[in-house]
Amino acid sequence: MAAHPHPLGGSRMSPRPDRRPAPDLEFWARQAGQLHWETEWSEVLDRSDAPFVRWFTGGRLNAAYNCVDRHVEAGHGNQVAFHWEGEPGDTRTITYAELRREVCRTANALLSLGLRAGDRVAIQLPMIPEAVFAMLACARLGLPHSVVFGGFSPAALRSRIEDAGARLLITSDGQYRRGRAEPMKALTDEATAHTPGVEHVLVVRRTGTAVPWTEGRDLWWHELVDRQSMEHTPEAFDAEHPLFILYTSGTTGRPKGILHTTGGYLTQAACTHRTVFSLDPGSDVYWCTADIGWITGHTYIVYGPLANRTTSVMYEGTPNTPHEGRHFEIIERYGVSVYYTAPTLIRTFMKWGEDIPARYDLSSIRVLGSVGEPINPEAWRWYRTHLGAGRAPVVDTWWQTETGAVMIAPLPGGPPAKPGSAQTPLPGISAKVVDDRGREVGKGESGYLVLDQPWPSMLRGVWGDDDRYRETYWSRFAEHGYYFAGDGARYDDDGDIWLLGRVDDVMNVSGHRISTAEVESALVSHPTVAEAAVVGASDPTTGQAVVAFVILRGAAAGTPADEVVSALREHVAREIGPIAKPRRILVVPELPKTRSGKIMRRLLRDVAENRETGDVSTLADASVMELINAGLAAASAPAGGR
């Protein structure tokens, strides 16, 4: 495939420290101008109430119109929007014209339930087209959606429904996972049993399994949606109208509802998607392998690609069902040219062996992307060699749920890439690595990654909790007005940025952010546990793995350790979800604490990663670490996988 010209033209910002300009408002105005606005904005950026900022003040637009209708009206209705493939092998090809019809039907169905602009809708669905229809229908009607990862437990879903005040839940009868039909509706019923604010549950029939049913509340998707009109006129909403709430783990154990609004988010989602991947909507076939329940799925499966009239692949299942070549088979079948996945999966491919991708024709790939956590250089090189034939550029992207879109990444056709480095902020973005006092560090030095200027897709707050928004993201460097990302980073000798991972108590497991406090709360809620401490330990496959240290209640002291560990791992999976299940649980007599009672998780991290224990002079009882180390040495191997 021929090389593509850079969609922005010109050169990128300098990668060197201390040369980051103030927000380039002309740049962002040009990017916003590539969308359809019903009413143009009067001011690009209003930061008079910082850190609560407003982008494209006074502008009005509709996100769903920009993602679907305008492409159909421009004559591209026959272009494929999604090649969808189910795990059992069933497929659907959805054109932009068909996507418009389905989104209109869904929007009319939601209107028939009495929903009006501003009402919240919770969505917990597998990776099926109806998830996209539902999100875009909500956007079309001005209904902020809250998509919940399909692997989350009823308790996690319930907390998110309650916090958002959702009136409707959209779910399915079940989902296919690793070759089996797993229940979903039965689990969501556990969540909605205690959420009286949910007036209706709209259920997609996916697996055909029997489900519990509440007459008057529960509705089949095919019975309600399919009978609706395929026409609907969208309404334009203010640029700052809430588009969605997406929950992410916080250090308090209570998930944070990250709020994103319409105009700025859609502008940066579209801009970064076409820029980072040098995308040509007329020829590229793009596949982002994320789940739609995470921010990557929102920005780089739904809003960014569709705003850019992209042809995408969407896959329901796991990468090794029914065989370990499933992803490569899909790449070959659809001629995928841009492939965007997580380092966790790349390392899994490495474990399976290079002979597997070698069986397939992957010559269509011209750009590879990495997302979710820093990618180690070995995985970067393997990825480029065995999927990119040694020629496709690898764009290692850094961003967060809170940033809404990619912030730091190399660009295809830019300066030579460095395996393992996200390198430089994208055009229009300003980032720095600073020390404890907010002073930018020098080349070769490490510190904290901050964003020192606003950006269009930035979060607009924590849903219902302005104080938490200020405290979590803006208090650490309040004097400077910096957003603190929560990640450590360093400059190399060229001034390029290398991400070092989380510096707070949030773990990054396979690209999923999980709060240590949330897992600790789940463990302590079990009747056998008196106290718990959780740390993230380095893992060659998942980036980090959950390791827990627990003190048992007296009544459980005689229970065999393997029984206790097995029960606790399953308990965490039920309370939060399988992704949070600890890799290892060690039963200990005591936890290392300072004289003030603070748990020294630094020491537990040393134990979990098999390092020599660091300084114990501040502990109230230094012998505790000797007991823990002795217990770890004697412990049996951890229980099986998730």
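**Reading a predicted fold, feature by feature**

Me: I've landed on Asn610, in the loop between helix 16 (601-608) and helix 17 (623-634). What counts as a helix or a strand here?

Reply: Helices (H or I, at least four residues) and strands (E, at least two) are DSSP runs, numbered from the N terminus. Before going on, remember that this is a predicted model: local features need pLDDT of at least 70, side-chain atom pairs count only at pLDDT 80 or more, and totals for chains, interfaces and linings use all residues. Residues are numbered from 1 along each chain as its sequence is written, and side-chain values use heavy atoms, with hydrogens and water left out.

Me: What is the phi of Asn610?

Reply: Most residues other than glycine have a negative phi, and most peptide bonds are trans. Asn610 isn't a glycine, yet its phi is positive, at about 60°.

Me: Is Asn610 buried or exposed?

Reply: Buried means under 20% relative accessible area, exposed means over 50%, and partly exposed is in between (1.4 Å probe, protein chains only). Asn610 has 64% relative accessibility, so it counts as exposed.

Me: And helix 16, just before it: how many of its residues are buried?

Reply: In helix 16, 6 of the 8 residues are buried, so the helix is largely enclosed by the rest of the structure. Those buried residues are Arg601, Leu603, Leu604, Asp606, Val607 and Ala608.

Me: What about Arg309, where does it sit?

Reply: Look in the loop between helix 9 (295-307) and strand 17. Arg309 also has a positive phi, about 55°, although it is not a glycine. With 16% relative accessibility, Arg309 counts as buried.

Me: Which residues does a cis peptide bond join?

Reply: One such bond joins Ala50 and Pro51, with omega about 10°. You'll find Pro51 in the loop between strand 1 (43-46) and strand 2 (54-57). Another cis bond runs from Thr321 to Pro322, where omega is near 0°. Pro322 sits in the loop between strand 17 (311-315) and helix 10 (326-334).

Me: Now the rings. How many aromatic pairs are there?

Reply: A pair of aromatic rings is described by the distance of the centres and the angle of the planes. Rings of Phe, Tyr and Trp (its six-membered ring) pair if their centres lie within 6.5 Å; planes under 30 degrees apart count as stacked, over 60 as edge-to-face and the rest as tilted. A search of the whole structure turns up 32 aromatic pairs. Among them, Trp287 and Tyr339 are edge-to-face, 5.4 Å centre to centre with 70° between the planes. This pair links distant parts of the chain: Trp287 belongs to strand 16 (residues 285-288) and Tyr339 to strand 18 (residues 338-341), 52 residues apart. Both Trp287 and Tyr339 are buried.

For a tilted pair, try Phe477 and Tyr482, 6.4 Å centre to centre and 50° between the planes. Phe477 is buried at 1% relative accessible area, and Tyr482 is buried at 11%. Ring pairs also link Phe52, Trp455, Tyr469, Tyr473, Trp474 and Tyr483 into a cluster.

Me: Which residues is Leu141 in contact with?

Reply: Contact means heavy atoms within 4.5 Å. Leaving aside neighbours within four places in sequence, Leu141 is in contact with Ala107, Leu110, Leu111, Ala117, His232 and Phe237. Leu141 is part of helix 4 (residues 129-141) and is buried, with a relative accessible area of 8%.

Me: And Asp90, what does it contact?

Reply: With neighbours within four places in sequence set aside, Asp90 is in contact with Trp84, Glu85 and Arg206. Asp90 lies in the loop between strand 4 (80-85) and strand 5 (91-95), and it is partly exposed at 30% relative accessible area.

Me: Zooming out, how many helices and strands does the protein chain have?

Reply: The protein chain has 17 helices and 29 strands. Of its 642 residues, 62% are buried. Among contacts between residues at least 6 apart in sequence, 71% join residues at least 24 apart. The C-alpha atoms fill a box of roughly 75 × 65 × 55 Å, taken along the principal axes.
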